[in-house]
Protein chains: 2
Amino acid sequence: MPKITFYNLSIEKREKLINAVKQEFSRVPLSQASISNIVKSARIPRGSFYQYFEDKEDAFFYLLEERVKRNQSEVYFLLNKHNGDIFEMMIAFFEKVITEQDENRNFLKNLFLNMTYEVEHEFGRSFKGYETNQQFVQFESKVNKEILHISNQDEFKYLMKILTSVLLRSIIETFSKDQSKEDALRNFKLEITLLKRGLKK
Amino acid sequence: MPKITFYNLSIEKREKLINAVKQEFSRVPLSQASISNIVKSARIPRGSFYQYFEDKEDAFFYLLEERVKRNQSEVYFLLNKHNGDIFEMMIAFFEKVITEQDENRNFLKNLFLNMTYEVEHEFGRSFKGYETNQQFVQFESKVNKEILHISNQDEFKYLMKILTSVLLRSIIETFSKDQSKEDALRNFKLEITLLKRGLKK
DNA sequence: TTGACATATGACACGTTGTCATTTAAGATT
DNA sequence: AATCTTAAATGACAACGTGTCATATGTCAA
């Protein structure tokens, strides 16, 4: 987590810093990003960076968390829009992510092509909320369970795990192969179809 | 790929080097591994390392590829053992990976908790073989398609994609949460059950 | 013995990281 | 206004890691 001093920053200075951070993580993935570049582009002395963040990772996860918060709103919105149909929500979410433009796209590309467990775990919160609160229950209540082939609470969790792992892998494939929106969507929809109807006769 | 000089090495020296490499990548994930440590533990001069490998990644992927080759044999073996039932093969493979012991386990843990796209792609070859040859067709021919709910060649590919992504995420979860073999297996089997019967009523 | 080629070696230049002693700023107190 | 106190800013620096390169050493054939 960013240090208190970060939050005490004036809006302008904070924006300047965030932009520099974003720029660096859009340029290269976390492992290749350099603090030297960030401070250079934000025009702050090196020591200052460490006044605001613990390290590279800290800055990266700050950015990621902001994105996850936006995702959560998006997920709610899409779930409502599709009347609680989780499959349709996933497809809409998939489409939204892969059509992101410009710097955001590069950030996402670097993010998805370098999905360590920690990053995946954080990103997964887009759908689950944070354990500490009741967001998962809240989320669950928005889902139309009528159409799902599950017999208990527990199975719903596994269903979500399956869906998010297929979603993630599809996004990764899209970015890695630079697939067109159309191709990517067709592939993902096909996988969802298979998932819905089952893999075994 | 390792350079020719690497393959010209005497068996003893090569073993010594490989062990040092393995040790380092069992200690920490790729991004944190250091060549300095490797050469120290292999007792070779720094320059020699670069005589054999391009860089850290090169050494890492060499190790990974060796593992993938072994996986391929294992997959064939397990597929035969279970009469072409791909679901049973997956479960058996899952069990084998998560019960790996000692240094191998640490290597795998670092591997799975830091699954970048490139690593995942390489690892995925455990099931698919290499594109350049007919291994995928060969693999496919060993699978009992009778029990699969697919209507064409193409759908089989998607089915494999789904299964491998669920398998991977399950392994990752097992390592990240340090689950017991029993818990992990129970969870994975449940997911396979859901996958088989379909997620939608 | 010599030449030609492959391999080995380790010092070095370069870049990056995180720290810390020092300076500067911002309030609070008298 | 002068002084004190605490927070924040600064940049030089030590420590470390990387990849290279000029030089040394080994090998083998002519």
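A polar contact is a pair of N or O atoms within 3.5 Å. The exercises below apply this cut-off to a predicted model.

**Exercise 1.** Determine which atoms of B:Tyr52 and DNA strand C form a polar contact, and at what distance.

*Solution.* On the protein side, the atom is an N or O in the side chain of B:Tyr52. On the DNA side, the partner is a phosphate oxygen of strand C, at 3.0 Å. The cut-off is 3.5 Å, so the pair qualifies as a polar contact.

**Exercise 2.** For A:Ser36 and A:Arg46, state which part of DNA strand C is approached, the phosphate or a base.

*Solution.* Take A:Ser36: a polar atom of its side chain is 3.3 Å from a phosphate oxygen of DNA strand C. Take A:Arg46 next: an N or O atom of its side chain is 2.9 Å from a base nitrogen of DNA strand C. A:Ser36 thus approaches the phosphate, and A:Arg46 a base.

**Exercise 3.** Describe the protein surface near DNA strand C by residues, helices and classes.

*Solution.* Step one, the residues: DNA strand C is surrounded by 14 residues, with A:Ile35, A:Arg46, A:Tyr50, B:Asn8 and B:Gln51 the closest. Among the atoms of DNA strand C that come within 4 Å of the protein, 62% are accounted for by sugar and phosphate.

Step two, the helices: at least two residues each come from H3 (35–42) and H4 (46–52) of chain A, and from H1 (4–8) and H4 (46–52) of chain B. H4(B) provides the largest share, 4 residues.

Step three, the classes: the surface has 5 nonpolar, 7 polar and 2 charged residues.

**Exercise 4.** Carry out the corresponding description for DNA strand D.

*Solution.* Step one, the residues: 14 residues lie around DNA strand D, and A:Asn8, A:Pro45, A:Gln51, B:Arg46 and B:Tyr50 come nearest. Sugar or phosphate makes up 62% of the DNA strand D atoms within 4 Å of the protein, and bases make up the rest.

Step two, the helices: H1 (4–8) and H4 of chain A, with H3 (35–42) and H4 of chain B, supply at least two residues each. H4(A) gives the most, 4 residues.

Step three, the classes: there are 5 nonpolar, 7 polar and 2 charged residues.

**Exercise 5.** Identify which of A:Ser48, A:Gln51 and B:Ile35 uses a backbone atom to approach DNA strand D.

*Solution.* A:Ser48 uses a side-chain N or O atom, 3.4 Å from a phosphate oxygen of DNA strand D. A:Gln51 also uses a polar side-chain atom, 2.7 Å from a base nitrogen. For B:Ile35, a backbone N or O atom lies 3.2 Å from a phosphate oxygen. The residue sought is B:Ile35.

Terms used
Residues numbered from 1 in each chain as written. Chains lettered and ligands numbered in written order. Predicted model: local features only at pLDDT ≥ 70, side-chain atom pairs only at ≥ 80, totals over all residues. Heavy atoms only, no water. Near = heavy atom within 4 Å. Polar contact = N/O pair within 3.5 Å; in protein donor to acceptor, adjacent residues only side chain to side chain. Nonpolar A, V, L, I, M, F, W, Y, C, P; charged D, E, K, R; others polar.
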